[in-house]
Amino acid sequence: NTEAKGVSVFRPFVFGSEAQPFDPENRPANAPPDHTHQWRVFVKGVNDEDVSYWLRKVQFKLHETYAHSVRTIEQPPFEVTETGWGEFEIQIKLYFVPESTEKPQTLWHSLKLHPYGNDIEGKRERREKVVSQNYEEVIFNEPVEQFYDVLTGG
Ligand code: SLL
């Protein structure tokens, strides 16, 4: 299993969250009474490009106030949709396809529910969607040959 000496392969992706306050007239029926927002945390390709040829699964570790706080998503879309009342740090662990022989990589995302300037009453009334996302690149240093071939379509 030879490695591509001195070669680094970069793969871009996007991770982050989207959140929106409940519509007061139309709360999700199953949401606990103290919950105020619906949100989604995700890992995806840039422009929704397929990433599943290198990304095998994603584990999202939510705040321990959530039941089953560790959520493992085995196929795209790699995302978790939830409701809640508070912001917290989400641990995101990326697992790569087995032929990569790569160890998982961990990143963190701050779930953001409230827009900046939330004290401005008008914003709250508009129930604006709060998006917080980052462009990132995973670097595979000297990938094993079989993975190099997968990455480069060779
Ligand atoms: C805070 N440090 O105090 C944070 C904790 C916890 C968020 C936020 C509800 C979980 C559930 C929820 O939104 N937890 O009821 O299942 O702001």
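**Reading strands, burial and a ligand site**

User: I see that His109 has its place in strand β7, and I would like to learn how to read such a residue. Is His109 buried or exposed?

Analyst: Keep in mind from the start that this is a predicted model. A residue is called buried when its relative accessible area is under 20%. His109 has a relative accessibility of 2%, so it counts as buried.

User: Which residues does His109 touch, if those up to four places away in sequence are not counted?

Analyst: Leaving those sequence neighbours aside, the contacts of His109 include Phe15, Gly16 and Ser17, as well as Val41, Phe88 and Glu89. Ile90, Ile92, Ser132 and Asn134 also belong to this list. One of these residues, Ile90, is the one that stands opposite His109 of β7.

User: How should I read the pairing behind that, and how many bridges join β6 to strand β7?

Analyst: When you follow paired strands, look for the number of bridges and for the direction in which the strands run. Strands β6 and β7, the latter made of residues 105-110, run antiparallel and are joined by 6 bridges. Strand β6 itself spans residues 89-96, and it is mostly covered, since 6 of its 8 residues are buried.

User: Which bridge partners in β6 do Lys61 and Val58 have?

Analyst: These two belong to the pairing of β6 with strand β3, residues 55-61, which is antiparallel and extends over 6 bridges. Lys61 has Gln91 as its bridge partner in β6, while Val58 is matched there with Leu94. Lys61 has a bridge partner in β4 as well, namely Val70. Strands β3 and β4, with β4 covering residues 70-73, pair in the antiparallel sense over 4 bridges.

User: What should I know about side chains in a strand, and is Gln59 buried or exposed?

Analyst: In a regular strand, the side chains take turns between the two faces of the sheet. Gln59 lies in strand β3, and because its relative accessible area is 16%, it is classed as buried. Apart from residues up to four places away in sequence, Gln59 touches Val70, Arg71 and Thr72, together with Gln91, Ile92, Lys93 and Tyr95.

User: Where is Pro143 placed, and how would I read a residue outside the strands?

Analyst: Ask the same things about its place and its cover. Pro143 sits in the loop between β8 (130-141) and α2 (145-152), and it is buried because its relative accessible area is 0%. Pro143 and Val9 are 134 residues apart along the chain, yet 7.6 Å separates their C-alpha atoms.

User: Which residues are around the ligand?

Analyst: A useful way to begin is to list the shell, and then to look for polar atoms that face the ligand. The shell consists of His35, His63, Thr65, Tyr66, Gly84, Trp85, Gly86, Glu87 and Phe88, and by class it holds 3 nonpolar, 5 polar and 1 charged residues. Tyr66 places a polar side-chain atom 3.3 Å from an oxygen atom of the ligand. Trp85 has a backbone N or O atom 2.7 Å from a ligand oxygen atom, and for Gly86 the corresponding backbone distance is 3.1 Å. Taken alone, the ligand exposes 450 Å², of which the protein buries 70%.

Technical notes:
Residues numbered from 1 in each chain as written. Predicted model: local features only at pLDDT ≥ 70, side-chain atom pairs only at ≥ 80, totals over all residues. Heavy atoms only, no water. Near = heavy atom within 4 Å. Polar contact = N/O pair within 3.5 Å; in protein donor to acceptor, adjacent residues only side chain to side chain. Areas by Shrake-Rupley, 256 points an atom, 1.4 Å probe, with all protein chains shown as cover. Nonpolar A, V, L, I, M, F, W, Y, C, P; charged D, E, K, R; others polar. Buried < 20%, exposed > 50% of the residue type's maximum accessible area, 1.4 Å probe, protein only. Pairing = 2+ DSSP bridges. Contact = heavy atoms within 4.5 Å.
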